[in-house]
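Got your viewer open? Let's take a walk through this one, stop by stop, and I'll tell you what to select and what you'll find there.

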2 protein chains.
Amino acid sequence: MINVAILGFGVVGSGTAALITENADVIKNKIGEEVYVKRILDLRDFPDSPFADRITHDINDIVADPEISIVCELIGGLHPAYEFTVAAMNAGKSVVTSNKEIVATFGVELLEIAARNGVHYMFEAAVGGGIPVLRPLAEDVAVVNAIERVDGILNGTTNYILTQMKENGASFADALSGAQKNGYAEADPSADIEGKDTCRKICILGAIAFGKLVDVSSVSTVGITGVTLSDIENAEKMGYSVKLIGSAFKDAEGRIVELVRPCFVPHGTPLAPVSDVFNGISVRGNYVGDVMFYGRGAGSEPTASAVASDVARIAGGAAVAVAPWTPAADNEVGDPSAVPALYYVCADTDSVIDVEKHFGAIGKLVTDNGSVCIVLREKVTLSELKEKIAAAGSSFAVSSVIEVLG
Amino acid sequence: MINVAILGFGVVGSGTAALITENADVIKNKIGEEVYVKRILDLRDFPDSPFADRITHDINDIVADPEISIVCELIGGLHPAYEFTVAAMNAGKSVVTSNKEIVATFGVELLEIAARNGVHYMFEAAVGGGIPVLRPLAEDVAVVNAIERVDGILNGTTNYILTQMKENGASFADALSGAQKNGYAEADPSADIEGKDTCRKICILGAIAFGKLVDVSSVSTVGITGVTLSDIENAEKMGYSVKLIGSAFKDAEGRIVELVRPCFVPHGTPLAPVSDVFNGISVRGNYVGDVMFYGRGAGSEPTASAVASDVARIAGGAAVAVAPWTPAADNEVGDPSAVPALYYVCADTDSVIDVEKHFGAIGKLVTDNGSVCIVLREKVTLSELKEKIAAAGSSFAVSSVIEVLG
């Protein structure tokens with residue numbers, strides 16, 4: 001029997017305890033070992049829970065228990081999650097987490113501590129909720145392909161808001177308050193809507209794809225607070241959906257580029273129909289081409305599935321751990337604004353001819369009430385785009401610039 | 001160094017040899033071992049190939065070579081693929097294949113022979129081309145979830161034909177000959193268009209999901225030859241896309257049900273936008289909910305990626321093999337026609353009132369030129385549906401009955 005402890009009996013912790021208990025037979029049939037939740041750490045008591053007698057308030061009841069071999073850190077935040085994780089691994093226990101903040105911040109060090117102690121540190125649930133994506137990316141795709149890029153819709157809250165704006169014609173503010181009312185956004189939604197959550201996740205995906213962890217603070221991160229309803233309506237008219245995309249890729253010089261920003265995603269490409277709270281992660285390898293992984297990116301039960309799959313993997317005696325990461329050095333990180341891309345540009349102007357003169361061939365065009373919105377046909381860097389906009393003169397008053405993915 | 005042999009230097013075999021050579025550094029960095037293609041078996045010579053000096057016409061050059069530890073069977077068909085596979089495993093070599101026919105036919109026995117010899121038999125490339133799906137299904141999803149169902153668009157040729165019919169208004173015959181002209185369909189397309197290829201793949205997915213291999217000959221298999229352009233046009237009007245779907249699920253009595261048939265797939269669900277030669281596989285687990293895997297379902301390079309990922313897995317010393325299967329007994333297999341489902345029914349008739357009287361609440365309705373096409377709102381079994389159609393009388397001349405997925 002493999003004894004497991006759960007740190008944090010919140011949404012994910014209670015789902016994980018329920019899964020391991022309810023699906024005990026499934027797990028035992030598959031890995032040949034019984035997995036049992038022996039202890040749950042929380043500040044609170046849960047007298048009505050079937051797990052009431054296993055609750056403890058003292059981390060030492062877990063760290064010092066030699067029968068517990070796997071610890072699920074489902075507290076969230078950096079502290080005390082970091083201290084508990086280190087203590088557990090130094091005590092010879094493997095640690096599984098859904099905590100993207102700690103992995104994006106301390107991943108290099110925690111993987112090193114795991115390796116030093118001969119234990120596992122696994123975090124499938126930190127990206128894409130229940131979607132199996134980190135392990136297939138690492139062990140199936142990246143093991144035999146040079147990864148060219150990873151693009152993901154990685155945050156359910158912002159995707160829900162953008163979907164509501166599109167489907168109901170809601171403003172950003174109304175869609176956000178609707179999301180809060182439905183429990184899809186927190187009272188303080190800033191980590192979601194400003195793109196920080198997506199930033200942490202793309203840093204983790206980038207580290208799996210390229211072996212180097214880019215510091216979250218150096219990743220250009222733009223959220224969805226500036227996306228207007230007319231951007232979304234124009235996108236649909238032109239054949240795109242607006243999505244918050246985290247991307248990680250290599251530039252022409254082989255440097256790793258990571259960024260988070262709203263994008264126009266072309267209809268007919270696999271990320272475009274990913275709606276509501278769902279997540280989708282697209283991976284391009286030099287042989288496999290584009291593959292995409294899709295599912296529920298959050299929620300108690302899907303996230304518990306990913307946590308439990310890590311637990312089962314360790315309990316079943318997996319030899320393959322997450323490969324160690326190194327921090328990306330400054331000269332290994334490229335500048336996204338120097339990478340040519342297609343752009344959507346919307347401006348108030350009274351002359352369509354000006355636009356074509358200054359921007360060259362235009363792929364798509366929408367005009368409405370004196371505003372003109374275009375999608376460029378040729379890729380330019382952001383600084384080239386800014387020069388074009390400046391050259392167009394003061395009568396071309398730009399209201400939106402949004403990258404077109406692909 | 002791990003020495004590999006490739007059997008069959010066709011589309012997949014040549015792609016696999018190219019990948020292992022071109023991406024040698026990627027593989028070595030990831031698994032810590034060099035992988036080398038030592039021998040290639042083919043009836044032909046390839047004097048202009050960079051692999052010319054490694055071609056052999058004699059299987060014994062491979063089976064008797066103690067330096068070769070992994071054999072990639074990329075010949076296709078049942079014989080001599082079966083004999084070569086058995087000989088290689090009995091000689092202590094692991095075997096990797098993209099051959100769905102042999103896995104669906106002899107999978108139980110070949111997994112048993114692998115286990116007896118302490119070697120691997122792996123076949124990620126047999127389903128979904130380059131998409132990592134069998135391993136994530138087995139090792140991430142099914143290991144901790146009770147699998148409720150698997151539904152897949154598993155054949156690129158038929159999906160390309162259906163996409164062409166929808167997008168260009170082509171008849172089935174014209175779309176098929178276009179597919180043949182573009183190299184997306186074989187000169188003899190029957191295995192694809194009659195659903196046999198999809199049948200083999202859903203049997204493999206069902207065995208991974210449920211541990212039991214259902215005999216292909218007992219799987220109800222309907223291809224796309226009966227799908228008309230007006231079915232496709234009506235589907236779009238009603239909010240569906242027509243797709244050839246292989247499904248595996250448990251019925252109310254816990255029996256495994258597997259079938260292949262064209263379906264109306266609701267817009268907004270993840271399989272609906274899977275177009276052209278792409279594949280998509282949707283999996284539902286009791287905790288994870290719906291996850292979907294998407295990518296190129298065929299082609300030299302994507303399929304080579306899946307073959308090579310199996311090779312790398314074995315070369316890297318994976319302990320986890322494919323779990324053994326048992327054949328599904330007759331009383332473990334359920335009858336799909338007894339499972340309630342929604343249906344689309346199209347008929348020539350002169351009275352709309354008759355339809356509502358006989359079929360009850362109707363979800364969607366299209367009428368055109370004396371034909372009436374409906375989507376039922378309540379699930380019925382196929383025999384209940386047949387009774388309703390018979391009761392509607394001879395003036396209700398049914399031209400199409402298509403299941404609605406979900």
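Are H7(B) and H8(B) oblique or roughly parallel to each other? Before we answer, some ground rules. This is a predicted model, so to speak of a local feature pLDDT has to be at least 70, side-chain atom pairs count only at pLDDT 80 or more, and totals for chains, interfaces and linings use all residues. Residues are numbered from 1 along each chain as its sequence is written, while chains are lettered from A and ligands numbered from 1 in the order in which they are written.

**Stop 1: two helices in chain B**

Select residues 156–168 of chain B, which is helix H7, and then residues 172–181, which is helix H8. (Helices are DSSP runs of H or I with at least four residues, strands are runs of E with at least two, and both are numbered from the N terminus.) Two packed helices are described by the angle between their axes and the distance between the axes. Here the angle is about 125 degrees and the axes are 9 Å apart. Axes are lines fitted to C-alpha atoms, for helices over the stretch in contact, and angles run from 0 to 180 degrees between N-to-C directions.

So the answer is that H7(B) and H8(B) are oblique to each other. The cut-offs: under 35 degrees is roughly parallel, over 145 roughly antiparallel, 65 to 115 roughly perpendicular, and the rest oblique.

Now show the side chains. B:Thr157, B:Tyr160, B:Ile161, B:Gln164 and B:Met165 in H7(B) meet B:Phe172, B:Ala175, B:Leu176, B:Gly178 and B:Ala179 in H8(B). (Contact is when two C-beta atoms, placed from the backbone, lie within 7 Å.) By class, this contact has seven nonpolar, three polar and no charged residues. Ala, Val, Leu, Ile, Met, Phe, Trp, Tyr, Cys and Pro count as nonpolar, Asp, Glu, Lys and Arg as charged, and the others, Gly among them, as polar.

**Stop 2: a sheet in chain B**

Stay in chain B and colour the strands. Six of them form an open sheet in the order E3-E2-E1-E4-E5-E6, with parallel pairing. (Two strands pair if DSSP finds at least two bridges between them.) Strands E3 (55–56) and E6 (121–122) of chain B are at the edges with a single partner strand each, so one side of each has no neighbour in the sheet.

Zoom in on E4 (residues 68–73) and E5 (residues 94–97) of chain B: four bridges pair them in the parallel sense. Pick B:Glu73, and its bridge partner in E5(B) is B:Thr97. Then add helix H1 (residues 11–22) of chain B, which lies across E1 (2–7), E2 (35–41) and E4 of chain B and runs at about 155 degrees to E2(B).

Just past E4 there's a loop leading to helix H4 (81–90) of chain B, and B:Pro80 lies in it. Click the bond between B:His79 and B:Pro80: this peptide is cis, with omega about 10 degrees.

**Stop 3: a hairpin**

Move on to strands E16 (residues 362–368) and E17 (residues 371–376) of chain B, which run antiparallel and are joined by six bridges. B:Ile362 has B:Leu376 as its bridge partner in E17(B). The two strands make a hairpin with two residues between them, and B:Asn369 in the turn has a positive phi of about 55 degrees.

**Stop 4: where the chains meet**

Show both chains. How many residues of chain B are in contact with chain A? There are 42 residues of chain B in contact with 42 residues of chain A. E13(B) gives the most to chain B's side, with eight residues. That side has 27 nonpolar, nine polar and six charged residues.

Strand E13 (residues 289–296) of chain A runs antiparallel to E13(B), and five bridges join them. Find A:Val291, which stands opposite B:Gly295.

**Stop 5: over to chain A**

Colour chain A by domain: domain 1 (2–130 + 302–324), domain 2 (134–296) and domain 3 (340–404). These bounds come from an automatic or database domain assignment. In domain 1, 16 residues are in contact with 19 residues of domain 2. Helix H5 (residues 100–117) of chain A gives the most to domain 1's side, with seven residues.

Last click: A:Asp276, in the loop between strands E11 (256–266) and E12 (278–285) of chain A. A:Asp276 isn't a glycine, yet its phi is positive, about 55 degrees.
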